[in-house]
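User: I should like a close look at one part of this protein, namely its strands, the hairpins that join them and their surroundings. Please explain it in connected prose suited to a first-year student.

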Amino acid sequence: MPNLMNLFDNPCFECGACCQHFRVSFYHGEVASDFYPEGVPPEMVTRLDANKVCMKGTEKGSSPCVALTHAPSTGYRCSIYVQRSSTCREFNTHFSNGQVNPDCQRLRIARGLKELDPIL
Ligand code: SF4
Ligand code: SF4
């Protein structure tokens, strides 16, 4: 039987806030096509202008991305994790120097979640 505590070792699994807060926009070239099948599924994006799209659901902000899933046993997960955009890949709990991302921390505090510590 899986240890439920271990399922939440990743702080994002109990949170999911960034996927429900920002407009998640990126260059349209990241959308999957015949030439780039590993890109973001086209049915999950909204065209913003000639160059940009955003994840459906996030057009106005403060609303969940269409790719975000939640279940009590697994928490929040991205259903297109390996295909997610550069915008999603670049927003993390910590920076490469180990310091906490303050935008992530702010969102966690607003949800009443535990503050994250730097990785030393
Ligand atoms: S706000 Fe931070 S902890 Fe929450 S899901 Fe996003 S990166 Fe993870
Ligand atoms: S594509 Fe995945 S990581 Fe990106 S905002 Fe949506 S649920 Fe979050």
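Analyst: The account below begins with the whole chain, turns to the strands, and ends with the loops and the ligands.

The model is a predicted one. The protein has 120 residues, of which 17% count as buried. Its C-alpha trace spans about 40 × 35 × 25 Å along the principal axes. Three helices and five strands make up the secondary structure. Read from the N terminus, the order of these elements is α-β-β-β-β-β-α-α. Among the contacts with a separation of 6 or more, 53% are between residues 24 or more positions apart.

The strands may be taken in two groups, beginning with the pairing around S3. Strand S3 covers residues 52-55, and strand S1, residues 25-27, runs antiparallel to S3 and is joined to it by three bridges. Strand S2, residues 45-47, also pairs with S3 in the antiparallel sense, again over three bridges. S3 is thus a partner of S1 and a partner of S2. One residue of S3 illustrates this arrangement well. Val53 has Phe26 opposite it in one pairing, and Arg47 opposite it in the other. The connection between S2 and S3 is a hairpin, with four residues between the two strands.

The second group consists of S4 and S5. Strand S4 comprises residues 68-71 and strand S5 comprises residues 75-78; the two run antiparallel and are joined by four bridges. A hairpin of three residues leads from S4 to S5. Within this pair, Ala71 of S4 stands opposite Gly75 of S5. As a general principle, side chains in a regular strand alternate between the two faces of the sheet.

Two residues in the loops deserve attention. Ser62 lies in the loop between S3 and S4. The phi angle of Ser62 is near 55°, which is a positive value in a residue other than glycine. Ser62 is classed as exposed because 9 other C-beta atoms lie within 10 Å of its own, and the limit for that class is 12 or fewer.

Phe8 belongs to the loop between helix H1, residues 4-7, and strand S1. Phe8 has 14 C-beta neighbours inside 10 Å and therefore counts as partly exposed. Leaving aside residues up to four places away in sequence, Phe8 touches Phe13, Glu14 and Gly75. Gly75 is the residue already met opposite Ala71 in the hairpin pair. Phe8 and Leu68 are 60 residues apart along the chain, and their C-alpha atoms are separated by 16 Å.

The surroundings of the two ligands complete the picture. The residues around ligand 2 are Cys19, Val24, Met55, Cys65, Ala67, Leu68, Cys78, Ile80, Arg84 and Cys88. Several of these belong to strands described above: Met55 lies within the range of S3, while Leu68 and Cys78 fall within S4 and S5 respectively. By class, the shell of ligand 2 holds nine nonpolar residues, no polar residue and one charged residue.

Ligand 1 is surrounded by Pro11, Cys12, Cys15, Gly16, Ala17, Cys18, Phe91, Asn92, Thr93, Cys104, Leu107 and Arg108. Here the classes come to eight nonpolar, three polar and one charged.

Note on methods:
Residues are numbered from 1 along each chain as its sequence is written. Chains are lettered from A and ligands numbered from 1 in the order in which they are written. This is a predicted model: local features need pLDDT of at least 70, side-chain atom pairs count only at pLDDT 80 or more; totals for chains, interfaces and linings use all residues. Two strands pair if DSSP finds at least two bridges between them. A residue is near a molecule or strand if its C-beta atom, placed from the backbone, lies within 6 Å of it. Ala, Val, Leu, Ile, Met, Phe, Trp, Tyr, Cys and Pro count as nonpolar, Asp, Glu, Lys and Arg as charged, and the others, Gly among them, as polar. A residue is buried if 20 or more other C-beta atoms lie within 10 Å of its own, exposed if 12 or fewer, and partly exposed in between; C-beta atoms are placed from the backbone. Two residues are in contact if their C-beta atoms, placed from the backbone, lie within 7 Å.
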